[in-house]
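Thanks for coming. I will walk through one structure this morning, starting with the place where its chains meet. Please have the picture open while I talk.

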Amino acid sequence: MAICEFLPRVFCRFPAISDSSIRDARKVIDDGFKGLVREYGSVIDIIVRPLQWFLNYLERLFTTSPWTVVLIIMLLIVYFGSRSIRITIGTAIGMIFIGIFGLWEDTMTTLAIVTVSTLIAIVIGLPIGILMARSDRIQGVINPVLDVMQTMPSFVYLIPVVVIFGIGKVPGLIAVVIYAVPPMIRLTNLGIRLVDKEVLEAADAFGSSPGQKLWNVQMPLALPTIMAGINQTIMMSLAMVVVASMVGVGGLGRNTLQAINNQFFTFGFLNGFALVAIAIIFDRTSQAFGKRLQRHSEVVHG
Amino acid sequence: MASHGIEIKGLYKIFGPNARQHVEAVRNGLSKAELNERYAHVLGLKDINISMPAGGITVVMGLSGSGKSTLIRHINRLIEPTYGEVIYDGVNICGMNERALRDFRRHKTAMVFQKFALLPHRTVIENTVYGLDIQGISRSESTKKGQYWIERVGLSGFENHYPNQLSGGMQQRVGLARALTNDADILLMDEAYSALDPLIRVDMQTVLLDLQAELKKTVVFITHDLDEALRLGDKITILRDGQVVQQGTGQEIVLSPADDYITAFVKEVNRGRVIQAKTVMKPFDGLTEGARIEATTTLEAAAKTMTESGQTKATITDEAGTPVGTLDLQTMIAAMVTPAGSDASKMAAE
């Protein structure tokens with residue numbers, strides 16, 4: 001550019017670190033990381049094994065049980081969760097279509113991984129959310145971490161996951177959990193912080209210990225928000241299952257990946273619709289369940 | 001259970017990060033406005049000394065911002081004092097450790113809140129036994145007690161309703177039942193009736209007075225309503241800007257208000273309901289004529305008795321029925337309409 005003729009070079013081209021130094025730094029970090037993983041490989045294995053066992057067990061249970069049994073149990077869960085005939089019938093129709101198009105087994109695999117990852121996300125997210133609500137300092141530390149987790153492209157953290165855990169179902173599961181846990185944490189924190197101050201004061205006035213306050217007042221009153229968090233977590237797991245197929249997770253996600261690679265238009269959309277069906281079933285059921293838990297707040301005295 | 005009084009001694013509360021170091025300055029006359037302007041600290045309470053009688057209702061009255069809600073929260077230490085003592089049964093509540101304080105709150109105090117502060121996910125009966133839940137008492141036992149108090153506050157049949165299904169007055173009955181089920185000696189009522197409609201408020205005052213006649217708890221009642229204070233209070237303390245302006249019985253306050261501020265308050269009061277016959281009677285002259293009226297009867301009630309029986313004079317008697325004075329209708333009416341600060345206040349001072 002013309003203007004650059006009158007300016008020192010530094011102001012025109014960004015003075016980047018030289019390629020060779022970047023290459024060296026990268027090598028050091030990558031090698032160090034890989035070395036660390038190699039060294040603690042056996043420890044990581046032991047930690048991951050129960051996950052692997054749980055996931056495999058659930059997947060086998062879902063895929064090997066006769067479809068009739070699975071469908072009936074599923075409909076029962078949906079009905080007793082939502083108490084809504086409409087949602088139950090919708091579930092039946094959705095699942096039957098999935099079966100007709102030959103996607104039953106893949107769907108079961110996906111259901112298994114979503115179930116496991118949601119459970120893990122709740123188990124991890126709930127206590128962290130509670131801790132965050134207890135202290136502004138902890139909130140100040142965790143919030144930026146959650147921001148990074150939510151904005152970092154999901155493809156990027158597949159890389160360390162693969163480096164540490166290799167390729168397979170469990171690394172995929174871990175990636176899904178990392179992706180799905182932030183709303184659980186955030187909404188648990190938010191729900192507890194929004195609890196009416198006067199009710200908390202009443203809990204104190206009657207001599208509650210911190211534990212009693214948590215279980216008698218904070219958790220029950222935060223429940224609607226926490227349920228919204230669980231709902232979000234499920235939705236995000238379903239979205240991430242597709243991406244996680246790149247590191248070896250089976251099910252509907254892998255089919256979608258194949259469809260992209262081979263330009264199978266119809267096959268891709270069928271799998272997509274199956275995922276949508278599952279998502280709607282989960283969403284409606286968990287929302288109806290959450291609403292039912294809040295029945296007491298609906299009947300307002302006029 | 002024997003009641004104990006509550007002694008508040010030299011209590012200061014300053015809100016702000018370095019509250020303690022300003023106590024001395026406030027004691028030496030630094031005003032609320034100056035403290036706020038110069039040091040960005042807020043003066044909540046200044047040198048409060050109140051002796052709350054055992055088994056009686058002490059009303060703390062003041063307008064919003066007078067520090068009355070701050071004061072009541074010092075009794076169960078929901079707010080930490082900056083300086084001073086709150087003594088109950090020989091123990092300084094402000095010096096208790098966490099465990100002792102929790103025990104004190106569980107067993108000695110119960111509180112009723114302005115906005116009820118009920119647990120929305122619990123039914124009426126479950127709310128009522130909340131205090132006992134916290135004490136670790138089994139549901140089978142606590143439900144029995146809770147049921148009793150639900151009936152006493154007039155909520156039978158609503159045990160399994162949720163608070164949202166009840167009107168404000170009924171919700172506050174639940175609040176009262178919850179506090180009474182705790183079976184604590186101290187009952188703290190923080191503007192408990194301020195959010196209720198006037199008629200329901202009077203209703204709830206009656207409920208409290210009836211229960212108190214039998215229970216004899218040490219009640220601390222916060223209100224901004226002088227009529228409510230006069231109706232309920234065995235003793236009334238008036239707060240303004242975090243300081244006590246006047247303490248005494250309702251009659252003392254109505255008859256001899258300490259300053260213009262209280263005079264302005266008292267002007268609108270129905271004096272006939274506050275002043276007692278003995279305060280304005282003339283010494284007994286040996287003639288028992290007219291209606292017989294007990295010395296502690298209010299003028300309004302006395303006037304009713306006299307007009308109903310067609311008398312213009314009455315003989316005032318003590319509890320035993322011995323005549324102690326006489327009263328005529330004219331004196332009574334004069335006392336009921338005379339503004340405070342005149343003859344009547346001199347009589348009260350005697």
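In this predicted model, 19 residues of chain A are in contact with 21 residues of chain B. On the chain A side, the elements giving two or more residues to that contact are helix 10 (197-205), helix 11 (210-244) and helix 14 (295-298). Helix 10 of chain A gives the most, with 6 residues. As for the kind of residue, the side of chain A that touches chain B divides into 9 nonpolar, 7 polar and 3 charged. For the complex, the predictor gives an ipTM of 0.83 and a pTM of 0.83.

Stay with helix 10 of chain A for a moment. Which of its residues are buried? They are Val199(A), Ala202(A), Ala203(A), Asp204(A) and Ala205(A). What do these buried residues pack against? Within chain A they pack against helix 11, and in chain B against helix 4 (98-107) and strand 6 (109-112). After helix 10 of chain A comes Gly207(A), and its phi is positive, near 85 degrees.

Next, the nonpolar core. The largest one has 152 residues, and Ala175(A) and Val176(A) are those with the most contacts inside it. Helix 9 (residues 169-193) of chain A supplies the largest share of this core, 14 residues. Chain B takes part as well: domain 1 (52-85 + 95-266) and domain 2 (271-349) of chain B both give residues to this core, so it lies between them. To see one of the central residues in its setting, find Ala175(A). Leaving out residues up to four places away in sequence, Ala175(A) touches Tyr157(A), Leu158(A), Val161(A), Met240(A), Ala244(A) and Val247(A).

Now chain B by itself. It is divided into the two domains I just named, domain 1 and domain 2. How far apart are their C-alpha centres? The distance between the centres is 33 Å.

For a single residue in chain B, take Asp190(B), which is found in strand 7 (residues 186-190). Is Asp190(B) buried or exposed? A residue needs 20 or more other C-beta atoms within 10 Å to be called buried. Asp190(B) has 25 C-beta neighbours inside 10 Å, so Asp190(B) counts as buried. Not counting residues up to four places away in sequence, Asp190(B) touches Ser69(B), Ile72(B), Met111(B), Val112(B), Phe113(B), Gln114(B) and Ile222(B). Look at Met111(B) in that list: Met111(B) and Asp190(B) are 79 residues apart along the chain, yet their C-alpha atoms are separated by 7.5 Å.

Chain B also has an open sheet of 4 strands, in the order 2-1-4-5, with antiparallel pairing. Which strands are at the edges? Strand 2 (42-52) and strand 5 (91-92) of chain B are, since each pairs on one side only. Strand 1 (residues 6-15) and strand 2 of chain B run antiparallel and are joined by 7 bridges. One bridge to look for is between Lys13(B) and Leu45(B), the latter in strand 2 of chain B.

Last, confidence. Chain B averages a pLDDT of 89, and 96% of the residues score at least 70. Residues 340-350 of chain B are a weak stretch, where pLDDT stays under 50. For that stretch the model has 23 contacts beyond four places in sequence.

That is the end of my part.

Note on methods. Residues numbered from 1 in each chain as written. Chains lettered and ligands numbered in written order. Predicted model: local features only at pLDDT ≥ 70, side-chain atom pairs only at ≥ 80, totals over all residues. Core = buried A, V, L, I, M, F, W, Y, C linked by C-beta atoms within 7 Å. Buried ≥ 20, exposed ≤ 12 C-beta atoms within 10 Å, placed from the backbone. Domains from an automatic or database assignment. Contact = placed C-beta atoms within 7 Å. Nonpolar A, V, L, I, M, F, W, Y, C, P; charged D, E, K, R; others polar. pLDDT = per-residue confidence, 0-100. Pairing = 2+ DSSP bridges.
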